[in-house]
Amino acid sequence: MAQLVAAFGSSHSIMLVSQREDWQHHFKLIDPKNAHYYDKQGNKTDYAALLAAAPAGSEAMVTPQRMSERYDAAEAAMDQLHERIKAARLDLLLIVGDDQTELFHTSNNPAIAIYYGATIRNTAREPASPSDSWVKSARMWRHEPEQDRDYPVKSDLAEWLIRQLCERDFDITAMDGLTPGQFEGHAFQFVHRRLLKDHELPVIPVILNTFDPPNQPTPRRCVALGKALRELIAAWPEDLRVGVIASGGLSHFVVDEALDLQVLDAIRNKDSAALAALDPKLLQAGSSEIRNWLVVGELARDLDLDWVEYLPGYRTPALTGTGLAFAAWKPLA
């Protein structure tokens, strides 16, 4: 029988594919232009209002030295997560991530999709140009360095999960391939390129619409999906060591340490009710990716959260940035 033996979580912020100097200097130039800010009560706001409300001394939190220290800590955490994934000796990895107008658009945007093609494609980087911005260079890092690559998918299990979830009254969009020019979204690119690296492992992409209203899954639905996936994996007859990873989050583009620690504590304590009761108003913009962690937290509740590295990734005096989180549950032998 299949057995869930390991679980992980990782932010996938553009910070994590940027360079040290970008952390130290460049985010301060682009963050004031971001149009996707919500305050800690979930109300729309802007950079000027956030800066005006920032506590005294916030500039000291984003000095080049502090940014450099956080950069090193994030790199070390990602390296450790890579080693933990390899050490789990998995046969496949479910990736629970979001799509931000990459495979889907608001003209047709499913709440939950599962990919079951034999492989999923990541495309090669566009040729570099001296005029490229550092932001484009960071985004291009998620792509393949030289040529397109097709990553293996555990397609038989993925197709079975789709059918079984439909039997349980989940409305699942089924994807058996990509159209020409399409490639896996950033949530999945990041896992392949940064966390798995050259450790080839079949995956099953589980795609949530976390970001774009009006049809994001509620926290309650995310917890229910995690529970259903946990039960279905245990019912698959093939002898497999299965892992799962939440890709994305935590709070951004305003760092909310209290919200992030609330979510991590509820996951650690296996408090499904608290996770399901999260106010969706708090899961706006990038913070919406917390939904991916809700699915995995419930899916992995038979395991114990073993390691968490949390870095409040402030990058401007307005305390914009990303609550960077990296986690692993204690694996089964």
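**Close-up 1. The surroundings of Glu298 in helix 10.** In this predicted model, Glu298 is buried, because its relative accessible area is 4%, which lies under the 20% cut-off for that class. The residue belongs to helix 10, a helix that covers residues 290–299. When residues up to four places away in sequence are not counted, Glu298 touches Val223, Gly226, Lys227, Arg230 and Ser272.

**Close-up 2. The packing of helix 5 against helix 7.** Two packed helices are described by the angle between their axes and by the distance between those axes. Here helix 5, made up of residues 155–167, packs with helix 7, made up of residues 219–235, at an angle of about 125°, and the two axes are 11 Å apart. That angle makes helix 5 oblique to helix 7, and the crossing of the two helices is right-handed. From helix 5, the residues Trp160, Leu161, Gln164 and Leu165 take part in the contact, where they meet Leu225, Ala228, Leu229, Leu232 and Ala235 of helix 7. Sorted by class, the contact of helix 5 with helix 7 has eight nonpolar residues and one polar residue, while no charged residues are found in it.

**Close-up 3. The cysteines Cys166 and Cys222.** A disulfide is a covalent bond between the sulfur atoms of two cysteines, and a search of the whole structure finds zero disulfides. For Cys166, the closest cysteine sulfur is the one in Cys222, and at 17 Å from the sulfur of Cys166 it is too far for a bond. Seen from the other side, the sulfur of Cys222 has its closest cysteine sulfur in Cys166, again 17 Å away and too far for a bond; a disulfide would need the two sulfur atoms within 2.5 Å. As for their surroundings, Cys166 counts as partly exposed because its relative accessibility is 25%, whereas Cys222 is buried, with a relative accessible area of 1%.

**Close-up 4. Ile207 in strand 9 and the residues around it.** Ile207 has its place in strand 9, which consists of residues 203–208, and with a relative accessibility of 3% Ile207 counts as buried. Leaving aside the neighbours within four places in sequence, Ile207 is in contact with Gly97, Asp98, Asp99, Leu103, Phe104, Ala111, Ile112, Ala113, Met175 and Phe188. Gly117 offers a further point of reference for this view: Ile207 and Gly117 are 90 residues apart in sequence, and from C-alpha to C-alpha they are 14 Å apart in space.

Conventions. Residues are numbered from 1 along each chain as its sequence is written. This is a predicted model: local features need pLDDT of at least 70, side-chain atom pairs count only at pLDDT 80 or more; totals for chains, interfaces and linings use all residues. Side-chain values use heavy atoms; hydrogens and water are left out. Axes are lines fitted to C-alpha atoms, for helices over the stretch in contact, and angles run from 0 to 180 degrees between N-to-C directions. Helices (H or I, at least four residues) and strands (E, at least two) are DSSP runs, numbered from the N terminus. Angles under 35 degrees count as roughly parallel, over 145 as roughly antiparallel, 65 to 115 as roughly perpendicular and the rest as oblique. A crossing is left-handed if the near helix is turned anticlockwise from the far one by less than a right angle, and right-handed if clockwise. Contact means heavy atoms within 4.5 Å. Ala, Val, Leu, Ile, Met, Phe, Trp, Tyr, Cys and Pro count as nonpolar, Asp, Glu, Lys and Arg as charged, and the others, Gly among them, as polar. Buried means under 20% relative accessible area, exposed over 50%, partly exposed in between (1.4 Å probe, protein chains only).
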